Amino acid sequence: MTLLFSSRAATVTQRPSDAMIDTGITATKPTNTPRMTKAWAGLALAACAVAITGCQTTQTLGGANTTQVVTAGDAQYPDLLKSFSIRGKIGVTTPKTQTAAAQSGSAFYVWAQEDERFAIDITGALGIGHTVIEYDGNTATLVSDRTGEISAASPEELLQQATGWQAPISQLRHWISGRPAPTDSNSELDAQGRLQTSQNGDWIARFDYKDSAAQTRRPNKITVMRNDGHRVILTIAHDK
């Protein structure tokens with residue numbers, strides 16, 4: 001996937017892959033190359049700009065009886081990815097409420113990030129058609145076939161406003177990197193010293209890796225859940 005940034009436009013090119021991770025999420029594979037033409041002047045993700053030095057989280061090493069307190073910027077974690085191109089599947093489940101039935105959906109996504117600028121392009125069966133989410137540090141914008149263009153103060157607020165889905169989008173850049181977000185707590189490590197679970201507010205994230213090798217530091221699947229029944233599953237394939 002290629003990401004081109006300019007003062008006028010950003011383009012994301014999605015390549016089909018036979019190596020898409022199979023997690024049981026069903027989605028319709030996109031057949032068109034998504035293209036975003038909204039101006040990208042000054043894109044910055046405010047949540048990712050929070051200083052990570054001095055932010056402490058309690059880390060429990062799997063299989064050990066000791067607990068160690070480390071900073072989110074400690075060298076035991078992989079570096080925060082400054083830029084990446086990833087793709088995969090996303091599945092979302094929302095619980096039954098007094099006014100709405102339980103819902104679930106899935107889709108293919110393409111995520112392009114360079115420094116602190118990002119765009120997420122979603123194509124599939126989430127019920128809102130082809131969707132693009134962008135964030136410029138102050139306002140999040142969503143454009144979909146069903147809703148047209150709408151804006152909100154944050155990506156999370158925007159997604160819920162447009163679709164009813166809830167997802168901790170601002171934390172995902174850190175989790176995709178294999179490290180806690182700056183505001184995480186109660187993070188646990190597996191036997192290889194990799195991030196296994198991490199909590200952010202009401203959300204608990206679980207991390208899976210393609211193999212048990214200690215050298216595999218970045219997850220290929222993230223499952224995020226809340227006690228009320230909200231769940232998001234993200235499979236991850238990094239473009240070379």
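**Exercise 1. What share of the contacts in the protein chain with a separation of 6 or more comes from residues 24 or more positions apart?**

Before the solution, some ground rules. This is a predicted model, where local features need pLDDT of at least 70 and side-chain atom pairs count only at pLDDT 80 or more, while totals for chains, interfaces and linings use all residues. Residues are numbered from 1 along each chain as its sequence is written, and side-chain values use heavy atoms, with hydrogens and water left out.

*Solution.*
- Step 1: A contact means heavy atoms within 4.5 Å.
- Step 2: Take the contacts with a separation of 6 or more; residues 24 or more positions apart account for 48% of them.
- Step 3: For background, the protein chain has two helices and 16 strands. Helices (H or I, at least four residues) and strands (E, at least two) are DSSP runs, numbered from the N terminus.
- Step 4: Of its 240 residues, 50% count as buried. Buried means under 20% relative accessible area, exposed over 50%, and partly exposed in between (1.4 Å probe, protein chains only).

**Exercise 2. Work out where Arg 87 sits and what its side chain contacts.**

*Solution.*
- Step 1: Find strand 5, residues 83–94; Arg 87 lies in this strand.
- Step 2: Check the cover. Arg 87 has a relative accessible area of 12%, so it is buried.
- Step 3: Look for a partner. The side chain of Arg 87 makes a polar contact with that of Asp 239, at 2.4 Å. A polar contact is a pair of N or O atoms within 3.5 Å; within protein, one must be able to donate a hydrogen and the other to accept it, and residues adjacent in sequence count only if both atoms are side-chain atoms.
- Step 4: Now go to Asp 121, which is 34 residues from Arg 87 along the chain; their C-alpha atoms are separated by 9.4 Å.

**Exercise 3. Follow helix 2 and the loop after it.**

*Solution.*
- Step 1: Helix 2 is mostly covered, with eight of its eight residues buried. Among them are Arg 173, His 174 and Trp 175.
- Step 2: Move on to Ser 177, in the loop between helix 2 (169–176) and strand 11 (185–189). Ser 177 counts as buried because its relative accessibility is 0%.
- Step 3: Leaving out residues up to four places away in sequence, Ser 177 touches Pro 78, Asp 79, Leu 80, Leu 81 and Arg 218.
- Step 4: Gly 178, which follows helix 2, has a positive phi near 85°.

**Exercise 4. Describe how strand 11 and strand 12 go together.**

*Solution.*
- Step 1: Strand 11 pairs with strand 12 (residues 195–200) in the antiparallel sense, over three bridges. Two strands pair if DSSP finds at least two bridges between them.
- Step 2: Pick one position: Ser 185 stands opposite Gln 199 in strand 12.
- Step 3: The two strands form a hairpin with five residues between them, and Gly 193 in the turn has a positive phi of about 80°.

**Exercise 5. How many salt bridges does a search of the whole structure find?**

*Solution.*
- Step 1: A salt bridge is a side-chain nitrogen of Lys or Arg within 4 Å of a carboxyl oxygen of Asp or Glu.
- Step 2: The search finds four.
- Step 3: One of them joins Asp 190 and Arg 194 (2.9 Å, N to O), and both residues are buried.
- Step 4: Another joins Arg 226 and Asp 228, whose closest N and O atoms are 2.5 Å apart. Arg 226 is buried at 17% relative accessible area, whereas Asp 228 is partly exposed at 38%.
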